[in-house]
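Dear colleague,

I am passing on the structure below, and my notes on its salt bridges and its enclosed space follow directly after it. Please read them with the coordinates open beside you.

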Amino acid sequence: MPDQAISDRRMMARALQLAAKGLYSTDPNPRVGCVLVREDRIVGEGWHVRAGEGHAEVNALAQAGEEARGATAYVTLEPCSHTGRTPPCADALIAAGVVRVVAAMQDPNPLVAGRGLERLRAADVQVDCGVLESEAAALNPGFVKRMQTGLPYVRLKLAMSMDGRTAMASGESQWITGPEARADVQRLRARSSAVVSGADAVLLDDSALTVRSAQLGLPEAEAKAATERQPLRVLVDGSLRVPLSGRLFQQDGPVLVACRLDELPEADYRAAGAELIALADAGGQQVDLDALLQLLASRGCNEVLVESGAKLTGAFLRAGLVDELVVYMAPRLLGSLARPLLELPFDSMAQAMQLDVTDMRAVGRDWRITARPVFPF
């Protein structure tokens with residue numbers, strides 16, 4: 001590999017490290033990092049911290065000052081060319097005198113989609129795109145999917161014993177997994193735009209579905225930053241069985257309740273600080289999960305974490321709406337009377353769902369298995 005290509009990959013890897021600093025805070029914007037290099041020396045670094053504030057390129061340029069002139073900019077996502085809450089980053093790079101821009105990937109946002117790179121080329125800036133592209137896309141799976149399909153990236157979080165059980169027959173389930181796995185789940189919540197659960201699960205555990213800084217297992221400053229933004233908590237409650245006195249409605253942060261009813265007690269839910277919507281499916285018997293995800297995407301939700309019981313999680317899978325499963329497996333057996341992981345009423349091997357395991361690692365005493373469904377089933 002030529003020396004320039006090696007250098008490009010090394011600097012882009014650093015830009016990706018910077019981008020990851022915004023893992024919990026940039027929503028609904030993508031996580032982006034930028035490194036400015038002049039004469040083989042880093043003169044500026046920046047990342048996008050939160051929506052409405054400076055983009056990665058602007059922050060790196062501010063650090064570099066006059067040393068940005070004649071520099072190469074390594075950016076994990078194509079510089080924007082449109083004016084949103086901040087001016088176009090492509091223009092800022094041109095004005096600063098940057099002579100080369102290396103982008104990991106083209107922006108999937110139709111408002112950008114190559115226009116930023118073209119604007120740079122038109123200003124005689126050398127442009128290269130595609131360095132560590134897959135790594136950059138993996139950092140923003142929800143943003144990429146939402147821009148390309150109009151749907152968020154859906155993770156299904158599950159916790160089970162080694163015999164595939166989630167709770168005793170009585171409903172007793174705390175705690176199947178250890179504290180390290182529970183902290184890992186908190187970090188999944190913190191990076192998500194929305195956390196979805198069903199009435200059965202919320203009633204069983206009196207769930208709050210919030211991100212709690214003390215349980216994140218992060219340094220104090222990082223934990224504080226990760227809890228500045230609580231994800232939208234979404235309750236799928238077809239017949240409105242969860243009482244407004246529950247913990248879900250007593251915590252700070254937005255709550256959305258989706259039901260299937262025609263007549264809605266909206267005023268009661270507004271008084272509890274929640275939004276109530278009707279999203280019945282064609283038969284009127286269930287909440288339309290696809291319509292719910294479309295609604296969440298339209299509100300800027302990139303990554304959606306589903307944490308619920310066997311019925312709702314099984315429904316998401318059967319509808320083909322799951323991008324990734326994150327399964328925490330504890331080294332214990334709950335027995336044949338305990339509750340199953342998913343409600344999937346299959347009766348033949350032909351119906352079995354195929355999964356591709358993408359990662360498996362120890363988390364404390366437990367194992368975390370990450371897998372993707374193989375479509376079609």
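Glu303 counts as buried in this predicted model, with a relative accessibility of 2%, and its partner Arg31 is likewise buried, at a relative accessible area of 6%. Both values fall under the 20% that marks a residue as buried. The side chains of Arg31 and Glu303 meet in a salt bridge, with an N to O distance of 2.7 Å. Because Arg31 lies in the loop between helix H1 (3-19) and strand E1 (33-38), while Glu303 belongs to strand E12 (residues 303-306), the pair ties together parts that are 272 residues apart in sequence. The contact also belongs to a wider arrangement, since Arg31, Arg155, Arg191, Glu303 and Glu324 are linked in a network of salt bridges.

Arg31 turns up again when one looks for enclosed space. A search of the whole structure finds 1 cavity of 30 Å³ or more, and about 70 Å³ of space lies in the largest cavity. Its lining is made up of 15 residues, of which Thr26, Asp27, Asn29, Arg31 and Asn302 are the closest to the centre. Sorted by class, that lining holds 4 nonpolar, 6 polar and 5 charged residues.

As for salt bridges in general, side chains of opposite charge can pair when their charged atoms come close. The count for this model comes to 21 salt bridges, and two further examples may be useful to you when you inspect the coordinates.

One of them joins Asp128 and Arg100, whose side chains meet at 3.0 Å, N to O. Asp128 lies in strand E5 (residues 126-129) and Arg100 in strand E4 (residues 100-103), so this salt bridge ties together parts that are 28 residues apart in sequence. The two partners fall into separate accessibility classes: Asp128 is partly exposed, with a relative accessible area of 27%, whereas Arg100 counts as buried at 10%.

The other is formed by Glu118 and Arg121, whose closest N and O atoms are 3.0 Å apart. Here both residues lie in helix H4 (residues 115-122), with a spacing of 3 residues, which is about one turn of the helix. Glu118 is partly exposed, with a relative accessible area of 48%, and Arg121 is also partly exposed, at 38%.

With kind regards

Definitions and conventions:
Residues numbered from 1 in each chain as written. Predicted model: local features only at pLDDT ≥ 70, side-chain atom pairs only at ≥ 80, totals over all residues. Heavy atoms only, no water. 1 Å grid on protein atoms, 1.4 Å probe; cavity = no way out; pocket = protein on both sides within 12 Å on 5 of 7 lines; lining within 4 Å. Points joined across faces, edges and corners; volume = space filled by probe spheres on them. Nonpolar A, V, L, I, M, F, W, Y, C, P; charged D, E, K, R; others polar. Salt bridge = Lys/Arg side-chain N within 4 Å of Asp/Glu carboxyl O. Helix = DSSP H or I, 4+ residues; strand = E, 2+ residues; numbered from the N terminus. Buried < 20%, exposed > 50% of the residue type's maximum accessible area, 1.4 Å probe, protein only.
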